[in-house]
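Biologist: I'm new to this one. Can you walk me through it?

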Amino acid sequence: MNSEVMNVENLQVGIKDDDRDIAIVNGISFQLKKAETLGIVGESGCGKSMMSLSLMGLLPPGVEWQNGDVQVGDLHFKNFKNKDWRNVRGKKISMIFQEPMSSLNPVYTIGSQIVEMILSHESVSKREAKNRAIEMLKLVGIPRPEQVMDEYPHQLSGGMRQRIMIAIALACNPEILVADEPTTALDVTIQAQILELMKSLQDKLHMSIILITHDLGVVSEMCDRVIVMYAGEIVEEAEVVNLFDSPKHPYTQGLMESLPNVAVQKEYLSSIPGVVPAPGSMPNGCRFAPRCSKAHDKCSVNPPVFTTVDNTRVQCWLYDPKTTMEVVKND
Amino acid sequence: MIKEDAILQVKNLKTYFPIKGGVFGKRTLQQVKAVDDISFEVRRGETFGIVGESGCGKSTVGRTILRLLEPTGGAVYFEGTDLATLDKNKMRLMRKDIQIVFQDPFASLNPRMRVFDIIEEPLINFGITSREEREKRVLEVADQVGLTVSQLKRLPHEFSGGQRQRIGIARALISKPKLIIADEPVSALDVSIQSQVLNLMRDLQKEFGLTYIFISHDLSVVKHFCDRIGVMYLGKMVEIADRDELYDNPNHPYSTALLSALPSAHPLQKKERIILKGDVPSPANPPSGCTFHPRCFACMEVCRTVKPVLLESENNHFVSCHLHQPKDVMNL
């Protein structure tokens, strides 16, 4: 139990439409262990970004926390007010975003944005905070850190800006780093640099990383464990090697097969027909059933429950012992 | 280099953008060499891939071929006609044969036009006046890309990204072009949708004998889709080779690094990774000699001062690097 740094339980986040709750993230549960990298993969619209924003209390207006709880240490995020969130953000849990330009303030210097973070969480002098900021810049591999302190975000390249974001996020030594598509906006050679940096910082600082991405290549490179999301739900949770060796859920299998593989030349790629259903118009039963090639009668009637197969947690009727059907009916 | 079956020959193409300044903003202070003296040819019926990182000029090449941007110098021969010197009117008619599909299916479709009108518009532009004829053709193309008749009455915002890209492809296809320039056509799409669109493009190529120029930054998509590939860096073509040759035996250090930066397909398959130092330099102020030398792991003295030339190193494998240049060229 000690190694768990975060426990997400039955988290439901959504919007209200005429008093009807429409869930964007529909009751997901998972644990994050100390110093591990947990990948969360899924296509656009699967709710992975909403999930990550709710961990930081950054849900956009209109989207609300409908159910469930997130526990970090003895803190319960469920009942948090603005003030509570401010104490947690950056200190316990930090976040980096996809687009480093729009998440840095263009009218403040790099230095003042890092110093601001340190001063808001720790009672240190400005001078000390400044020195720590320079240390952070060195740590994330910024050349000539003293000068960069006085520069503005537009003077830096995309890769450098993402390094600055990481420096700000880690300035107060948080336990958890949430990285939402941190390399999607970057070129491959720069992406390789940033991923390398995140790995080496994790070795030094022992933080846990939640890495949200749509790129299975990045997952294979970085993660220890992986959660696959589809239409607001977790469909599969596995160790990274298991996931790549034998994906269980038909959706995961479909995703893997539709990726072009550099090692194998095929004339056509396999693809998953159809598109992700919109929140509010989810199909009955399994949400993936209408696009699933292995769907049978059961799938469109009842939503599947989690079963564990070879250490992989999977939400699919294919892996379910017959009896489970009865249990669901009796509930 | 010139072959019989070449549908398009690009020769010493240059596209420079002026940086204006001075008191009245009219003096040209500097030039950004977005595309700097590149040559290549595209063969009929093949897919020619152009890869490179952002800012390397790959999109500018595509747009300059179509004269959406004016070339600063050089020539583009399409079936023998030099596109770079055609007047505006003739060029407009030429675009019947050369069409483009853009990256962002959200920004490249007019949000106030119905899908039918979007697909039909090129026909009006190319002077097909008969309404019935146009309608027949739109329905035909819509069917080919997998759009239903009822969808044609809708507006672009009612479609998902993949569907919108199908509309973009239909619009490009309607004038029965010979060459389609696809500028990052699947970069904005999810993987499962990406494969649908790539499969569609391959089907259309087979059915109509299309030639593609496929511009992308995604090396695994390019490997899957292209027959020959050109690698660009800072406005220059640094390597051109057949697909398998390039991926098995990259000659240029930049291609080697790009390929090694690809995330591995399996977590246990750890690769020897070459991590390039620094960022792509600004094309307004490119480094001397070989523009790649400040980031190159195999940089030699000569690289700092002498510009390498794109030369054939092996059969059909062109590379612009001092490591692979004959000695006499280096002494020139």
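**Domains, a sheet and an interface**

Modeller: Sure. This is a predicted model. In chain A, the centres of domain 1 and domain 2 are 26 Å apart, taken over C-alpha atoms.

Biologist: Which residues does the domain assignment give to each domain of chain A?

Modeller: Domain 1 of chain A covers 4-92 + 175-276. Domain 2 of chain A is 103-173.

Biologist: And how many residues does the contact take from each domain of chain A?

Modeller: Twelve residues come from domain 1 of chain A, and 13 residues from domain 2 of chain A.

Biologist: Which helix gives the most to the side of domain 1 of chain A that touches domain 2 of chain A?

Modeller: Helix α8 of chain A, residues 188-205. Six residues on that side of domain 1 come from α8(A). By class, the domain 1 side of this contact in chain A has nine nonpolar, two polar and one charged residues.

Biologist: Now helix α4 of chain A. Which residues are buried there?

Modeller: Helix α4(A) spans residues 110-121. Its buried residues are Ile110(A), Gly111(A), Gln113(A), Ile114(A), Val115(A), Met117(A) and Ile118(A).

Biologist: What do the buried residues of α4(A) pack against?

Modeller: Three helices of chain A: α5 (126-139), α6 (145-148) and α7 (158-170).

Biologist: Over to chain B. What is the strand order in the open sheet?

Modeller: The order is β2-β1-β4-β5 in chain B, with antiparallel pairing.

Biologist: Why do β2 and β5 of chain B each have one side without a neighbour in the sheet?

Modeller: β2 (27-43) and β5 (81-82) of chain B are at the edges and each has a single partner strand, so one side of each has no neighbour in the sheet.

Biologist: Over how many bridges do β1 and β2(B) pair?

Modeller: Strand β1 of chain B, residues 6-21, pairs with β2(B) over 13 bridges, in the antiparallel sense. Val10(B) stands opposite Phe40(B) in β2(B).

Biologist: Where does helix α1 of chain B lie?

Modeller: Helix α1(B), residues 58-65, lies across β1, β2 and β4 (73-78) of chain B. It runs at about 75° to β2(B).

Biologist: Last topic. How many residues of chain B are in contact with chain A?

Modeller: 33 residues of chain B, in contact with 33 residues of chain A. Elements giving two or more residues to the chain B side are α6 (191-208), α7 (219-225) and α9 (253-261) of chain B.

Biologist: Which element gives the most to that side of chain B?

Modeller: α6(B), with seven residues. By class, the side of chain B that touches chain A has 15 nonpolar, twelve polar and six charged residues.

Conventions:
Residues numbered from 1 in each chain as written. Chains lettered and ligands numbered in written order. Predicted model: local features only at pLDDT ≥ 70, side-chain atom pairs only at ≥ 80, totals over all residues. Buried ≥ 20, exposed ≤ 12 C-beta atoms within 10 Å, placed from the backbone. Helix = DSSP H or I, 4+ residues; strand = E, 2+ residues; numbered from the N terminus. Contact = placed C-beta atoms within 7 Å. Domains from an automatic or database assignment. Nonpolar A, V, L, I, M, F, W, Y, C, P; charged D, E, K, R; others polar. Pairing = 2+ DSSP bridges. Axes fitted to C-alpha atoms, helices over the stretch in contact; angles between N-to-C directions.
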